[in-house]
Amino acid sequence: MTEWVDRVDERDRVIGVVERGEAVRNGWPHRIAVTVCHRADGRYLVHRRPAHTTRFPGLHNWLIGGAVAAGESYAAGAARELAEELGVRAHPVPLFTFFCAGAISPYWLALHATRTDGPLRPDPEELAEIRWCTAAEIDALIAAGAFVPDGAEAWQRAKEGGHLPGA
C-alpha cells in the first residue's frame, strides 16, 4: 500500500507530495502526528513495539501515531492514528510541534494529548503491549535505553517545556 505524504521544508511548508518510503530514503522532511494518552490519575500510556517490526523492535514509546497523509491536517492525522492503533475515537488537543532530526529520517512532529480512561483496543501489529506508567517510570525506561529515541526526545522536550498533559 502506497502512503502519500506532504514533503515539507525547514518551516513546515508543503513543497510537494511524495511516497513516504521515498521521503525516508532521501531524508526529506515530512509530517508525523502523535497523541499522548493520559488518565485522570496522572499516568501515561506506554506501549512496547512488536518484536517483528523493522523499526525499533521491542522498544517502548509513549506516542501513538504516524505519518500525516498528503493534504491531511496534523489534528486529523492524530485522530485517525489514535483510532487505528488504539480503537479510541477522540479529538486530541494540540500540545506543540517541533522539527525532529529523527533516528531514521527528519520530520516535523506534532504532539497532541487526550485523556483516555475507557477501554482500549490495541492493534497487535502496531502495539505488542500497553501499560500505564508514571513520569518516573518513563524516565527509568529512557535511562535504561528501552525507549524509541524520537519518543525519548519528545518526552524531554515536553517535560522541559511544561507540556506534559495531566502533570
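This tour moves through a predicted model, stop by stop, naming what to select and what is found there.

**Stop 1: the largest pocket**

Begin by selecting R20, R55, G65, G66 and A67, the residues closest to the centre of the largest pocket, out of 41 that line it. The space within this pocket comes to about 1,100 Å³. Next, colour the elements that each give two or more residues to the lining: helix 1, strand 3 (30-38), strand 6 (64-67), helix 2 (74-86), strand 8 (107-115) and helix 4 (149-160). If the lining is then coloured by class, 17 residues appear as nonpolar, 11 as polar and 13 as charged.

**Stop 2: helix 1 and the start of the chain**

Keep R20 selected and add E3. The two residues form a salt bridge, with 3.7 Å between the closest N and O atoms. R20 belongs to helix 1 and E3 to the segment before strand 1 (4-8), so this pair ties together parts that are 17 residues apart in sequence. Is R20 buried, exposed or partly exposed? R20 is partly exposed, because its relative accessible area is 21% and the limit for a buried residue is under 20%. E3 is also assigned to the partly exposed class, at 30%.

Stay in helix 1, which spans residues 20-26, and select E22. E22 has a relative accessibility of 29% and therefore counts as partly exposed. Add W4 to the selection: its C-alpha atom is 9.6 Å from that of E22, with the two positions 18 residues apart in sequence numbering.

**Stop 3: further salt bridges**

Side chains of opposite charge can pair when their charged atoms come close. The model contains 14 salt bridges in total, and several merit a separate view.

- Select R31 and D6, which form a salt bridge whose closest N and O atoms are 3.9 Å apart. This pair links distant parts of the chain, since R31 is in strand 3 and D6 in strand 1, 25 residues apart. Both R31 and D6 are buried.
- Select D9 and R13, where the closest N and O atoms of the salt bridge are 2.8 Å apart. D9 counts as buried because its relative accessibility is 11%, whereas R13 is partly exposed at 42%.
- Select R39, D41, R43 and E137 together to display a network of salt bridges.

**Stop 4: the nonpolar cores**

Hide the charged side chains and turn to the largest nonpolar core, which has 28 residues. Which of its members touch the most other members? They are W62, L63, L109 and L111. Two or more residues of this core come from each of strand 3, strand 4 (44-48), strand 7 (93-100), strand 8, helix 3 (135-143) and helix 4. Helix 4 gives the most, with 4 residues.

Centre the view on L111 and show its contacts beyond four places in sequence. These are V34, V36, W62, L63, V93, P94, L95, F96, F98 and A154.

Another core lies apart from the largest one; it has 10 residues, including C37, L82, L120 and W132.

**Stop 5: T116**

Select T116, located in the loop between strand 8 and strand 9 (129-133). Is T116 buried or exposed? With a relative accessible area of 5%, T116 falls under the 20% limit and is therefore buried. Beyond four places in sequence, T116 is in contact with C37, H38, R39, V88 and W132. Two of these contacts, C37 and W132, are among the members of the 10-residue core, and R39 takes part in the salt-bridge network with D41, R43 and E137.

**Stop 6: two backbone positions with positive phi**

Most residues other than glycine have a negative phi. Two residues in this model are worth inspecting in that light.

Select D12 first. Although D12 is not a glycine, its phi is positive, at about 65°. D12 is found in the loop between strand 1 and strand 2 (14-19), and it counts as buried because its relative accessibility is 15%.

Finish at F56. F56 sits in the loop between strand 4 and strand 5 (60-61), and its phi is near 55°, a positive value in a residue other than glycine.

Key: Residues are numbered from 1 along each chain as its sequence is written. This is a predicted model: local features need pLDDT of at least 70, side-chain atom pairs count only at pLDDT 80 or more; totals for chains, interfaces and linings use all residues. Side-chain values use heavy atoms; hydrogens and water are left out. Buried means under 20% relative accessible area, exposed over 50%, partly exposed in between (1.4 Å probe, protein chains only). On a 1 Å grid over the protein atoms alone, a cavity is a set of points where a 1.4 Å probe fits but cannot get out, and a pocket is an open set with protein on both sides within 12 Å along at least five of seven lines; lining residues have an atom within 4 Å of a point. Grid points are joined across faces, edges and corners, and a volume is the space filled by probe spheres set on the points. Ala, Val, Leu, Ile, Met, Phe, Trp, Tyr, Cys and Pro count as nonpolar, Asp, Glu, Lys and Arg as charged, and the others, Gly among them, as polar. A salt bridge is a side-chain nitrogen of Lys or Arg within 4 Å of a carboxyl oxygen of Asp or Glu. A nonpolar core is a set of buried Ala, Val, Leu, Ile, Met, Phe, Trp, Tyr and Cys residues joined through side-chain atoms within 4.5 Å. Contact means heavy atoms within 4.5 Å.
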